[in-house]
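This report covers two topics: how the two copies relate to each other, and how one strand sits among its neighbours.

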There are 2 protein chains.
Amino acid sequence: MTTPLANQQVRLAKRPETTATREHWHFTSEPVGEPAERGVLVKVLSLSLDPAMRGWLNDARSYIPPVQIGEVMRAGGVGRVVASKNAAFAVGDTVYGTLNVQEYALVPQDEIKRSGLARIDLKLGSIGQWLNVLGMPGMTAYFGLMDIGQPKAGETVVVSGAAGAVGQTVGQLAKLKGCRVVGIAGGEAKCQWVVDALGFDACIDYKAGEGAVRAGLKAHCPKGVDIYFDNVGGEILDQVLAKLARKARVVICGAISQYNNANSQPGAGPRNYLSLLVNRARMEGMVVFDYADRYPLAIAELAGYLKDGRMKSKEDTVKGLETFPETLNKLFAGGNFGKLVLQVAED
Amino acid sequence: MTTPLANQQVRLAKRPETTATREHWHFTSEPVGEPAERGVLVKVLSLSLDPAMRGWLNDARSYIPPVQIGEVMRAGGVGRVVASKNAAFAVGDTVYGTLNVQEYALVPQDEIKRSGLARIDLKLGSIGQWLNVLGMPGMTAYFGLMDIGQPKAGETVVVSGAAGAVGQTVGQLAKLKGCRVVGIAGGEAKCQWVVDALGFDACIDYKAGEGAVRAGLKAHCPKGVDIYFDNVGGEILDQVLAKLARKARVVICGAISQYNNANSQPGAGPRNYLSLLVNRARMEGMVVFDYADRYPLAIAELAGYLKDGRMKSKEDTVKGLETFPETLNKLFAGGNFGKLVLQVAED
């Protein structure tokens, strides 16, 4: 196959100390290659933009290696197979995998597994939903809530980032499991949507002024908080710790309020952590990749809820690879409303 | 029964903002009463002085109500029954219970259960050991390590306050369960004792200068820390969090470094708590009273270890009720070496 196509790519130019801005990225173009033996060429349709991406920019090994200077920025996404020398993938297949921030992903045989490349079925959900409820955010919500949180009917579940990708599924799933669910989100519009459209029992607007979170927790969690699913860290984590119920579980999924700290230094820790002692509670971290073997079961359950309307999803889709630097930053400013998706090409 | 005996008592005079000093206590004397129907009169022999006592002085409900102004200070202790109108207790019985900081404890029928009054067998251990390995510190060590920590042979266990009441039993028990055990204690003498007498694999002297804990953890925990049993909180907790192994368990038992903070405000939280996320680790609080039903089993196991010499114990015994204010503060200055016991009367 010869191809005249150009592949636009976004590469890491230098590491940000705080917020990554346009100067930290380098836009390049190279000819689209053709797959080697058992390789696959995928046209990128939509990419998932996630808080964790900020961590990959720091020169510090976390649960995944950092993106190197000059490398194409890492991102999961949905694409269409446009050339294949691999029997497992046919031209026209829709696939999910680590496709990275570019227009075309050439995946050699020896990287197919590492990139998690897998065919997906658009009958189960839209491209946006495959990056949201049926993708990593949904898997994170599912296993974080079910395995770490272990909800029981009647318990009170609080989730921060409630209108975000993970939060929206955590809350709806907790409702389906019979819990009382209180979201925390930024702004009236998000809070109203979380209650009206998703059916949360209440939502606290953390931007509603000093003391709003404390007052909201007091009003909406009269018996304390049995499960707190934390996506944000910082002051909100501290406020919820102060309201834990006996034997509470705090799921540490992320800390978006901390990710842009200077030199990736940790900020203040949760001052109220001794609430864990008084309340015999636990705080536990989770990384979604550990549950890969069980993704199919979770996807089947969640797709069922989407199909019968018991679960809704919201994606915030921004078009154009060239908007990547600013679009990513919407996450850290709380500017996205729903799962943030970068549409690279129309389907 | 008439008695000319005077009962010396130590009462809370006012709440301390930071360290409790002599001005916060009030020494009183009153005639010893005689037991009412089904009540018991106990002569106090030795009292347990514990870090948790500092928390009871704050006007804040914790897992146990605060001591009220004017009340006799709460303390667990061992005593001898000197008068009884209760069939369950005979004159001459040695008992453990909440006897409080005084020479005689008059326990009415309706307070026998609440005070945990129970006969103890001095053939299983000395009075000091009944306040240490066979008492609340030993129970805390046993259930914190076994139930929350869940040690597996070959794992690395780190315990702070290693020469203290809880720490000495945690470390020896972890060794008996086949773990590699690293203590953290203040000063060379304690560290040497923990290694030489108790058989810990290593002990880090946190007073050995800037960076001592970090360097010690690096040297002695090459595979990271699987279980951290935390008695101290503060900077040491943060250092250990940075060294957690995958799937680590952090047992939050206490935070002695924080208990004298002004106005009982929490100090800085553990900045490195996101290590829980990266390492899929958990941090869990425990309160020993929850395990009361299982004390007898734990006492039987630990008494067996004491008897056959597989476990040692060390008490730091100070004589005289009048020394109570200064003796209590040894705990917070790290001045005690072993379980701190206040001997009120010779047996």
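To compare the copies, they are superposed by least squares on the C-alpha atoms of residues with pLDDT of at least 70 in both. The model is a predicted one.

**Relation of the two chains**

A turn of 180° with a shift of 0.0 Å along the axis lays chain A on chain B, and the RMSD is 0.0 Å. The two copies are therefore related as by a two-fold rotation axis. Both copies use the same surface, since 100% of the contact residues of chain A recur in chain B. Which residue of chain A comes closest to the rotation axis? That residue is A:G269, whose C-alpha lies at 2.0 Å.

**Strand β3 of chain A**

Strand β3(A) spans residues 40–48 and is mostly covered, with 8 of its 9 residues buried. Its pairings with three strands of chain A are set out below.

| Partner of β3(A) | Residues | Sense | Bridges | Bridge pair |
|---|---|---|---|---|
| β4(A) | 76–84 | antiparallel | 7 bridges | A:L47 with A:G77 |
| β6(A) | 104–107 | antiparallel | 4 bridges | A:K43 with A:Y104 |
| β15(A) | 339–343 | antiparallel | 3 bridges | A:L47 with A:L342 |

A:L47 has a bridge partner in β4(A), namely A:G77, and another in β15(A), namely A:L342. On the β6(A) side, A:K43 is bridged to A:Y104.

Methods: Residues numbered from 1 in each chain as written. Chains lettered and ligands numbered in written order. Predicted model: local features only at pLDDT ≥ 70, side-chain atom pairs only at ≥ 80, totals over all residues. Buried ≥ 20, exposed ≤ 12 C-beta atoms within 10 Å, placed from the backbone. Helix = DSSP H or I, 4+ residues; strand = E, 2+ residues; numbered from the N terminus. Pairing = 2+ DSSP bridges. Contact = placed C-beta atoms within 7 Å.
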